[in-house]
Amino acid sequence: DWATTQNNLGNCLRLLGERDRRSGELAASVDAYRAALTQRTREADPVGHAMTLNNLGISLRLLGARSGDPAPVLDALRLHRESFA
């Protein structure tokens with residue numbers, strides 16, 4: 001339940017960050033998704049793990065696009081591929 005709550009928190013923070021155009025909420029969503037992944041492992045919860053990886057990738061892509069830094073975008077691509085593996 002805790003990991004699901006962290007994932008949902010990340011979703012809410014990402015939506016706020018998309019609307020507000022500041023990166024604080026997006027950065028917080030990344031933290032929430034990473035926290036969820038400590039419990040949502042591929043072995044323990046394969047579907048939840050894939051969903052959270054995808055969500056994390058979306059937030060990283062948005063952060064990279066806003067900052068002009070390609071590193072988060074590249075991380076996002078890696079995570080999206082990993083979520084399908």
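User: How many salt bridges does the count come to?

Analyst: This is a predicted model. A pair counts when a side-chain nitrogen of Lys or Arg lies within 4 Å of a carboxyl oxygen of Asp or Glu. By this rule the count is 4.

User: Which residue forms a salt bridge with Glu 18?

Analyst: Glu 18 is partly exposed, at 33% relative accessible area. Its partner is buried, at 12%. The two sit 4 residues apart in helix α1 (residues 2-20), so about one helical turn separates them. The N to O distance is 3.7 Å, and the partner is Arg 14.

User: Is Arg 40, which forms a salt bridge with Asp 45, buried or exposed?

Analyst: The closest N and O atoms of Arg 40 and Asp 45 are 3.7 Å apart. Asp 45 has a relative accessible area of 27%, so Asp 45 is partly exposed. Arg 40 has 7%, and the limit for buried is under 20%. Arg 40 is therefore buried.

User: Which residues are joined into one network by salt bridges that share partners?

Analyst: Arg 78 and Glu 82 form a salt bridge, with closest N and O atoms 3.5 Å apart. They are 4 residues apart in helix α4, so about one helical turn lies between them. Both are partly exposed, Arg 78 at 45% and Glu 82 at 28%. Salt bridges with shared partners link Arg 42, Arg 78 and Glu 82.

User: Which backbone nitrogen lies 3.5 Å from a polar atom of the His 49 side chain?

Analyst: His 49 lies in helix α3 (residues 46-67). At 10% relative accessibility, His 49 counts as buried. Residues that His 49 touches include Leu 37, Thr 41 and Glu 82. The backbone nitrogen in question belongs to Arg 42.

User: What radius of gyration does the chain have?

Analyst: The chain has 4 helices and 0 strands. Its C-alpha atoms fill a box of roughly 35 × 25 × 15 Å along the principal axes. A compact globule of 85 residues would have a radius of gyration near 12 Å. The chain agrees, at 12 Å.

User: What share of the 85 residues counts as buried?

Analyst: The chain exposes about 4900 Å², and carbon and sulfur atoms supply 58% of that area. A residue counts as buried under 20% relative accessible area. The buried share is 41%.

User: Where in the chain is confidence lowest?

Analyst: The mean pLDDT of the chain is 93, and 100% of its residues reach 70 or more. Confidence is highest in helix α2 (residues 24-37), at a mean of 96. The lowest mean is 89, in helix α4 (residues 70-84).

Definitions and conventions. Residues numbered from 1 in each chain as written. Predicted model: local features only at pLDDT ≥ 70, side-chain atom pairs only at ≥ 80, totals over all residues. Heavy atoms only, no water. Buried < 20%, exposed > 50% of the residue type's maximum accessible area, 1.4 Å probe, protein only. Polar contact = N/O pair within 3.5 Å; in protein donor to acceptor, adjacent residues only side chain to side chain. Contact = heavy atoms within 4.5 Å. pLDDT = per-residue confidence, 0-100. Rg over C-alpha atoms; globule rule 2.2 N^0.38 Å. Areas by Shrake-Rupley, 256 points an atom, 1.4 Å probe, with all protein chains shown as cover. Lists of a residue's contacts leave out its neighbours within four places in sequence.
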